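Here's a friendly walk through a protein model, meant for someone meeting it here. Have a look at the sequence and the structure, then read on.

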Amino acid sequence: MTFTKNMNNENYLDLNVADGSNMAAYVAKPENLSTDTPAIIVLQEAFGVNHHIRNVADRFAREGYLVIAPELFHRTAPKGFEGSYTDFPAVMPHMQALTIEGLTADLQAAYQWIMQQPVNQQAVFSIGYCLGGRVSFLANAVLPVKAAVSYYGGGLEKLTEQATQLHGKHLFIWGGLDQHIKPENIATIIKAVEDAGKDYVNTTFSYADHGFNCDERASYNEAASKEAWTLTLAFLKNS
């Protein structure tokens, strides 16, 4: 089951992407936007820029960040697409259609929008969850971000060639009970980052499963989510 959300409010904008496509994005702004304001690109799970991802964006905005969450499935899904957490096969075609080139263009469009805002251009970050965890690693490689975060990023072992291009230090967060991401895959990406001489933090919550940060999924783990949130905020603040 999928559905589309109401896009008719000031929290949404449309971005022109370099390949000629048009990408919607959700935006959350802090109370006091200024040239001291840091910014974050929030990158979706496989289920779209849904209520959970918008809530994450809003939480970062309340912490003082300007946030943009681009709809990465814009080439294959309708604007406002949201997938059901209980119907993963329905989102697979959109995931499989993603390319490094397309994602790079999407990230650049989001970053260029940030650069046009009254923010601290030296304090731009990326963070992603699940699918977005992989895209956040790519963002660190193709954008001059200050730092980046990947929550349980599946498929990161396929991006080892990007490790040498990382601009900022990277925080990896995993669930120890995650059956979707193999320990050897984690070891592969961490070794690539180490071999590239890049700074990173690698953290596993042994008692948490894949998707533990999302309070709308059955795998939600409140303790791990809260602890990871505190760690993430500290990591961004001290980067």
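## A buried pair

Let's begin with Arg217, which is buried in this predicted model. Its relative accessible area comes to 18%, and buried means under 20%, so Arg217 makes the cut. Who does its side chain meet? Arg217 forms a salt bridge with Glu45, at 3.1 Å from N to O. This bridge ties together distant parts of the chain, with the two residues 172 apart. Arg217 sits in the loop between strand S10 (200-205) and helix H6 (222-237), while Glu45 belongs to the loop between strand S4 (39-43) and helix H1 (51-62).

And Glu45, is that residue buried or exposed? Glu45 is buried too, with a relative accessibility of 0%.

## Bridges along the helices

As a bit of background, side chains of opposite charge can pair when their charged atoms come close. The structure holds 7 salt bridges, and a couple of them sit within helices, as with Asp195 and Lys191 in helix H5 (residues 183-195). The N to O distance for that pair is 2.6 Å. Because they are 4 residues apart in H5, about one helical turn separates Asp195 from Lys191. On the accessibility side, Asp195 is exposed at 55%, whereas Lys191 is partly exposed at 49%.

Helix H6 has a bridge of its own, between Lys226 and Glu222. Their closest N and O atoms are 2.9 Å apart. Here again the spacing is 4 residues, so Lys226 and Glu222 are separated by about one helical turn. Glu222 is partly exposed, with a relative accessible area of 44%.

## A linked trio

Salt bridges can also join up into a network here: Asp19, Arg75 and Asp106 are linked that way.

## The sheet

Now for the strands. Which order do they take in the open sheet of 8 strands? Reading across, you get S2-S3-S5-S4-S7-S8-S9-S10, and the pairing is mixed. Strand S2 (12-16) and S10 stand at the edges with a single partner strand each, so one side of each has no neighbour in the sheet. On average, neighbouring strands are turned by 20 degrees against each other, direction ignored.

If you want to look at one pairing in detail, try S9 (residues 169-175) next to S10. These two strands run in the parallel sense and pair over 6 bridges. Find His170, and you'll see that its bridge partner in S10 is Tyr200.

## Empty spaces inside

Rolling a probe the size of a water molecule over the atoms shows where empty space is left. How many cavities of 30 Å³ or more does the structure hold? There are 2 of them. The largest cavity has a volume of about 40 Å³. Its lining is made up of Gln44, Gly48, Val49, Glu71, Phe73, His74, Ala77, Pro78 and Phe81. Sorted by class, those lining residues are 5 nonpolar, 3 polar and 1 charged.

The second largest cavity has a volume of about 30 Å³. Around this one you'll find Val56, Arg59, Tyr129, Tyr151, Asn213 and Trp229. The class split for its lining is 4 nonpolar, 1 polar and 1 charged.

Technical notes: Residues are numbered from 1 along each chain as its sequence is written. This is a predicted model: local features need pLDDT of at least 70, side-chain atom pairs count only at pLDDT 80 or more; totals for chains, interfaces and linings use all residues. Side-chain values use heavy atoms; hydrogens and water are left out. On a 1 Å grid over the protein atoms alone, a cavity is a set of points where a 1.4 Å probe fits but cannot get out, and a pocket is an open set with protein on both sides within 12 Å along at least five of seven lines; lining residues have an atom within 4 Å of a point. Grid points are joined across faces, edges and corners, and a volume is the space filled by probe spheres set on the points. Ala, Val, Leu, Ile, Met, Phe, Trp, Tyr, Cys and Pro count as nonpolar, Asp, Glu, Lys and Arg as charged, and the others, Gly among them, as polar. A salt bridge is a side-chain nitrogen of Lys or Arg within 4 Å of a carboxyl oxygen of Asp or Glu. Buried means under 20% relative accessible area, exposed over 50%, partly exposed in between (1.4 Å probe, protein chains only). Two strands pair if DSSP finds at least two bridges between them. Axes are lines fitted to C-alpha atoms, for helices over the stretch in contact, and angles run from 0 to 180 degrees between N-to-C directions.
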